[in-house]
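This briefing concerns the model displayed below. It takes up the contacts between charged side chains, then the helix that carries them, and then the chain as a whole.

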Amino acid sequence: MKLARASVWRLLTGRLGWSLQRPRRQAVEQDESEIARWVAQEWPRIKKGR
């Protein structure tokens with residue numbers, strides 16, 4: 001059995017109540033100070049290994 005893309009969409013949204021969800025560009029729990037620490041300490045160490 002084959003279904004058209006539009007039929008699948010109607011099934012998912014209409015009957016099952018699903019909705020299109022896209023992730024945010026930036027993580028909500030992002031910690032800027034931890035990122036800065038990682039870039040300053042860990043990244044140079046990792047980059048040396050190449």
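In this predicted model, Arg37 and Glu42 are joined by a salt bridge in which the closest N and O atoms lie 3.8 Å apart. The structure holds 3 salt bridges, and salt bridges with shared partners link Glu34, Arg37, Glu42 and Arg45 into one network. The points below describe that network, its setting in helix H2, and the overall form of the chain.

**Salt-bridge network**

- Arg37 also takes part in a salt bridge with Glu34, with an N to O distance of 2.7 Å between the side chains.
- Glu34 and Arg37 are both within helix H2, separated by 3 residues, or about one turn of the helix.
- Glu42 likewise has a further partner, since Arg45 forms a salt bridge with Glu42 and the closest N and O atoms are 2.6 Å apart.
- Arg45 and Glu42 are both found in H2, again with a spacing of 3 residues, about one turn of the helix.

**Exposure of the network residues**

- Glu34 has a relative accessibility of 38% and therefore counts as partly exposed.
- Arg37, at 30% relative accessibility, is also classed as partly exposed.
- Glu42 is partly exposed as well, because its relative accessible area is 21%, and the cut-off for a buried residue is under 20%.
- Arg45 reaches 53% relative accessibility and so counts as exposed, the threshold for that class being over 50%.

**Geometry of helix H2**

- Helix H2 comprises residues 32-48.
- With 17 residues at 1.5 Å a residue, H2 should span 24 Å, and its end C-alpha atoms are indeed 24 Å apart, so the expected and computed values agree.
- A bend of about 40° occurs in H2 at Glu42, and the proline Pro44 follows within four residues.
- Glu42, the site of this bend, is also the salt-bridge partner of Arg37 and of Arg45.

**Nonpolar surface**

- Ile35, Trp38, Val39, Trp43 and Ile46 make a nonpolar surface patch of about 410 Å².
- Ile46, one of these patch residues, belongs to helix H2.
- Ile46 counts as partly exposed because its relative accessibility is 37%.
- For the protein chain, the accessible surface amounts to about 5,400 Å², and carbon and sulfur atoms account for 54% of that area.

**Overall form of the chain**

- The protein chain contains 2 helices and 0 strands.
- Its radius of gyration is 22 Å, well over the 10 Å that the globule rule gives for 50 residues, so the chain is more spread out than a compact globule.
- Along the principal axes, the C-alpha atoms of the chain fill a box of roughly 55 × 25 × 10 Å.
- Of the 50 residues in the chain, 0% are classed as buried.

**Helix H1, the loop and long-range separations**

- Helix H1 covers residues 5-15 and includes Thr13.
- Thr13 has a relative accessible area of 28% and is thus partly exposed.
- Arg25 is located in the loop between H1 and H2.
- Arg25 has a relative accessible area of 88%, so this loop residue counts as exposed.
- Between Arg25 and Thr13, which are 12 residues apart along the chain, the C-alpha separation is 24 Å.
- Thr13 and Lys47 lie 34 residues apart in sequence, with 46 Å between their C-alpha atoms.

Note on methods:
Residues are numbered from 1 along each chain as its sequence is written. This is a predicted model: local features need pLDDT of at least 70, side-chain atom pairs count only at pLDDT 80 or more; totals for chains, interfaces and linings use all residues. Side-chain values use heavy atoms; hydrogens and water are left out. A salt bridge is a side-chain nitrogen of Lys or Arg within 4 Å of a carboxyl oxygen of Asp or Glu. Buried means under 20% relative accessible area, exposed over 50%, partly exposed in between (1.4 Å probe, protein chains only). The expected span of a helix is 1.5 Å times one less than its number of residues. The bend at a residue is the angle between axes fitted to the seven residues ending there and the seven starting there. The radius of gyration is taken over C-alpha atoms; the globule rule is 2.2 Å times the number of residues to the power 0.38. Accessible areas come from the Shrake-Rupley method with a 1.4 Å probe; for residues, only the protein chains shown count as cover. Patches are made of residues with over 30% relative accessible area and no salt bridge: like charges are joined within 9 Å, nonpolar side chains (Val, Leu, Ile, Met, Phe, Trp, Tyr) within 5 Å.
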